[in-house]
Structures are given as structure tokens and as C-alpha cells.
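Please open the structure in your viewer and keep the sequence panel beside it. This tour suggests what to select at each stop and then describes what is there.

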Amino acid sequence: MMSNFLIPAAYAQSVGGAGGGSSLMSFLPFVAVFVIMYFLLIRPQQKQQKQLKAELKALRRGDRIVTAGGVVGIVQRSKDDSEEVEVEIAPNVRVMVVRSTISTVLTSTAKPANDTATAKK
């Protein structure tokens, strides 16, 4: 009695499966999704990381930086062979920052949005 229950399911299955071309067509959407993800997410992130690495290497006195913790400061001293950078975060307050914790390099010509001290002359 139980074997008669399973027979219709066996007849519904195809014997040889579909052709070889249809397996390629079923794999094609996965490849297309990966290609789209690469060009929309992975490649721009790699470019951004390369640019940040070049900016960190070319760090010079007077550049404004933002650390990973959100501290904004001005570079006072930077050596190419050292991983530490001296940063002024307030008037007469200088701290040593590890180069890899710098998340953004602002040029010395850029100024923050709330910079009212330089606006008053």
C-alpha cells in the first residue's frame, strides 16, 4: 500500500534530466550576480583603499585628518619610516596617532563645516 503512494512521484521525474545547455543557463544568473556585485561593491572599495593608502604615505604637515575614532586634527610631524604621526587635536594639545587608524585625509585647504574661528578675521 505504501509503495503505491510513491509511484506517482516517480513518474513525475524526468529520466535523463534536461540537456547540458540548460545546466549552463541555470548557472549563468549566479555568474551575472557575482559580476554585478564585483563592479558595484568590491572594485570601488579596492580603489578607495588604494587611494587612502597613497594619501597616508604622502601625509605632510598641515594636513587635516580624521581618525577611526572620529577625532579631527592637524598633522604636526610625520616621518615616512615611522608608523606614528604627531597630530594637534586642540590648541597646544598634541597626540601621537598610529598611521593605520587614520580613516580620512583632508587636504590642508579643506576646512570643517563648523569652523567659525577662521571665518572671523
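**Stop 1: a loop between two strands**

Begin by selecting Ser100, which sits in the loop between strand E4 (93–98) and strand E5 (102–106); strands here are DSSP runs of E with at least two residues, helices are runs of H or I with at least four residues, and both are numbered from the N terminus. The model you are looking at is predicted, and local features in it need pLDDT of at least 70, side-chain atom pairs count only at pLDDT 80 or more, while totals for chains, interfaces and linings use all residues. Residues are numbered from 1 along each chain as its sequence is written, and side-chain values use heavy atoms, with hydrogens and water left out.

Is Ser100 buried or exposed? Ser100 has a relative accessible area of 58% and is therefore exposed, given that buried means under 20%, exposed means over 50% and partly exposed lies in between, with a 1.4 Å probe and protein chains only. Now add Lys53 to the selection: Ser100 and Lys53 are 47 residues apart along the chain, and their C-alpha atoms are separated by 9.0 Å.

**Stop 2: the whole chain**

Zoom out and colour by secondary structure, and you should find two helices and five strands, which run in the order α-α-β-β-β-β-β from the N terminus on. The chain has 121 residues, of which 14% count as buried. A contact means heavy atoms within 4.5 Å, and among contacts between residues at least 6 apart in sequence, 36% join residues at least 24 apart.

**Stop 3: strand E1 and its contacts**

Select Thr67 next, a residue of strand E1 (residues 64–67). Because its relative accessible area is 11%, Thr67 counts as buried. Leaving aside residues up to four places away in sequence, Thr67 touches Val97, Thr101, Ile102 and Ser103.

**Stop 4: the nonpolar core**

In soluble globular proteins, nonpolar side chains tend to be buried together. To see such a group here, select Leu56, Leu59, Ile65, Val75, Val85, Val87, Val97, Ile102 and Val105, the nine residues of the largest nonpolar core. A nonpolar core is a set of buried Ala, Val, Leu, Ile, Met, Phe, Trp, Tyr and Cys residues joined through side-chain atoms within 4.5 Å. Strand E3 (84–90) and E5 each supply at least two residues of this core. Within the selection, pick out Leu59, which touches Ile65, Val75, Ser78, Val85, Arg99, Ile102 and Val105 when residues up to four places away in sequence are not counted.

**Stop 5: a loop with a buried acid**

Move to Asp63, in the loop between helix H2 (20–57) and E1. With a relative accessible area of 3%, Asp63 is buried. Show the side chains of Asp63 and Arg60, which meet in a salt bridge (3.8 Å, N to O); a salt bridge is a side-chain nitrogen of Lys or Arg within 4 Å of a carboxyl oxygen of Asp or Glu. The side chain of Asp63 also reaches the backbone nitrogen of Arg60 at 3.2 Å. Arg60 itself counts as partly exposed, at 48% relative accessibility.

**Stop 6: salt bridges that share a partner**

How many salt bridges are there by this rule? The count comes to three. Select Glu86, which counts as buried at 12% relative accessibility, and then add Arg77, whose side chain meets that of Glu86 in a salt bridge (2.8 Å, N to O). Arg94 forms a salt bridge with Glu86 as well, the closest N and O atoms being 3.3 Å apart. Salt bridges that share partners thus join Arg77, Glu86 and Arg94 into one network. Both arginines count as partly exposed, Arg77 at 45% and Arg94 at 47%.

**Stop 7: an aromatic pair**

For the last stop, a search of the whole structure finds one aromatic pair. Select Tyr38 and Phe39, whose ring centres are 5.2 Å apart and whose planes stand at 80°, so the pair is edge-to-face. Rings of Phe, Tyr and Trp (its six-membered ring) pair if their centres lie within 6.5 Å, and planes under 30 degrees apart count as stacked, over 60 as edge-to-face and the rest as tilted. Tyr38 is partly exposed at 30% relative accessibility, and Phe39 is partly exposed with a relative accessible area of 48%.

Note on methods. Polar contact = N/O pair within 3.5 Å; in protein donor to acceptor, adjacent residues only side chain to side chain.
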